[in-house]
Amino acid sequence: MGIKETLGHLLETAQQELETIRDKQALEALRVRIIGKKGELTALLRGMGQLLPEERPAAGQMINEAREKFTAMLEARQEALRMIERRAALQKETIDVTEPVPPLPLGSAHPVNLVMAEMVDCFTGMGFEVVEGPEVELDHYNFELMNIPKNHPARDAQDTFYVDDNIVLRTHTSPMQARTMLSRKPPIRVICPGRVFRSDEADATHSPVFHQMEGLVVDRDVTMADLRGTLNAFAERLYGKGITTRFRPSFFPFTEPSTEVDLTCAACHGKGCRVCKGTGWIEVLGGGMVNPHVLEMCGIDPTVYSGFAFGIGLERIAMQRYGIPDLRLLYEGDVRFLGQFR
Ligand code: DAH
């Protein structure tokens with residue numbers, strides 16, 4: 001048999017064998033048998049020394065071509081095997097979508113949001129509507145229409161972040177009083193929960209960003225008694241039966257008269273304890289009768305209408321409600337702390 005026939009035969013049997021091969025080991029064994037160090041093709045190449053010099057180039061070329069063909073066959077089979085393997089793996093790995101999974105860890109509402117939701121629920125139950133205002137506010141609404149003109153000393157108590165001369169981060173939710181009165185007619189009954197900003201150092205009771213809820217009622221014959229009744233209902237709803245309010249005279253430029261409102265200490269029910277420093281009362285919010293000048297600036301006739309307003313700090317309520325000793329805990333985002341309020 002000449003070299004050409006030998007090579008043809010070799011490739012033919014290799015091909016037949018390849019087709020029966022089902023795994024990598026057998027493939028490798030065949031590779032070694034044909035083109036390994038002691039392989040059949042390798043042996044042919046070595047045996048070229050016995051040929052006549054003029055026969056060598058043609059023989060060498062034929063052997064090399066056969067080697068290339070064999071390598072290509074080998075690779076094709078390898079690829080085919082890979083496909084077979086992949087298909088088998090996919091079939092084995094089908095996902096059982098009906099299999100129960102372990103429960104996912106659930107987040108929890110933030111204590112300030114919990115309190116806010118409860119208060120919104122309480123006031124909407126009394127007929128209040130929720131309105132929201134911009135956190136970046138015009139000086140005009142935040143101060144001027146709240147009866148705090150430029151250079152008024154009350155501005156010092158609410159030093160804030162100025163965006164420019166006429167734009168501030170709102171220092172309270174009170175500007176929504178003006179926005180509401182300017183955009184609708186009495187009867188008005190709204191609450192405005194939201195974020196407010198003051199240029200304060202953070203400590204156990206202060207934060208440069210905190211939350212308030214504003215309340216505003218404007219109608220005919222609204223009196224301080226309505227404010228009292230509304231806040232008493234709020235106190236009982238949030239802290240339980242027997243919790244009531246105490247009004248102390250105070251001053252706010254946008255209310256006249258103004259009041260500081262205390263609630264019965266929920267920890268001791270008014271007997272006096274550490275929480276209320278022995279007084280039986282906890283200071284919770286500010287309020288009063290809407291200053292007639294504010295009504296007037298906002299286009300409402302103070303000889304026909306009167307109103308009351310109040311502003312509640314939500315962090316303070318949350319801290320009392322859940323016995324949180326330091327306001328900063330609310331903003332550190334530690335899930336070990338936050339996860340306790342479910
Ligand atoms: N805006 C006041 C503050 O941030 C809180 C306040 C007091 C709001 C009296 C009112 C009010 O509506 O009548 O300190």
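1. Start with the make-up of the ligand shell: in this predicted model, its residues split into four nonpolar, 10 polar and two charged. In total 16 residues surround the ligand, and H172, S174, R198, Q212 and E214 are the closest.

2. Now the polar contacts, which is where I'd look next. E214 puts a polar side-chain atom 2.6 Å from a ligand oxygen. S174 has a side-chain N or O atom 2.9 Å from a nitrogen atom of the ligand. For Q177, a side-chain N or O atom sits 3.0 Å from a ligand oxygen.

3. How much of the ligand's accessible area does the protein cover? On its own the ligand has 350 Å² of accessible area, and the protein covers 92% of that. The elements giving two or more residues to the shell are strand 6 (209-219), strand 9 (281-290) and strand 10 (306-313).

4. On to empty space. The structure has one cavity of 30 Å³ or more, and the largest cavity holds about 30 Å³ of space. Its lining consists of M176, Q177, V190, I191, C192, E214, G215 and L216. Helix 7 (175-183), strand 5 (188-197) and strand 6 each give two or more residues to that lining.

5. As for the character of the cavity lining, five of its residues are nonpolar, two are polar and one is charged.

6. A couple of names turn up twice, so to speak. Q177 and E214 are both on the cavity lining; the Q177 side chain also has an N or O atom 3.0 Å from a ligand oxygen, and E214 has a polar side-chain atom 2.6 Å from one. Strand 6 likewise gives two or more residues to the ligand shell and two or more to the cavity lining.

How values were computed: Residues numbered from 1 in each chain as written. Predicted model: local features only at pLDDT ≥ 70, side-chain atom pairs only at ≥ 80, totals over all residues. Heavy atoms only, no water. Near = heavy atom within 4 Å. Polar contact = N/O pair within 3.5 Å; in protein donor to acceptor, adjacent residues only side chain to side chain. Areas by Shrake-Rupley, 256 points an atom, 1.4 Å probe, with all protein chains shown as cover. Helix = DSSP H or I, 4+ residues; strand = E, 2+ residues; numbered from the N terminus. Nonpolar A, V, L, I, M, F, W, Y, C, P; charged D, E, K, R; others polar. 1 Å grid on protein atoms, 1.4 Å probe; cavity = no way out; pocket = protein on both sides within 12 Å on 5 of 7 lines; lining within 4 Å. Points joined across faces, edges and corners; volume = space filled by probe spheres on them.
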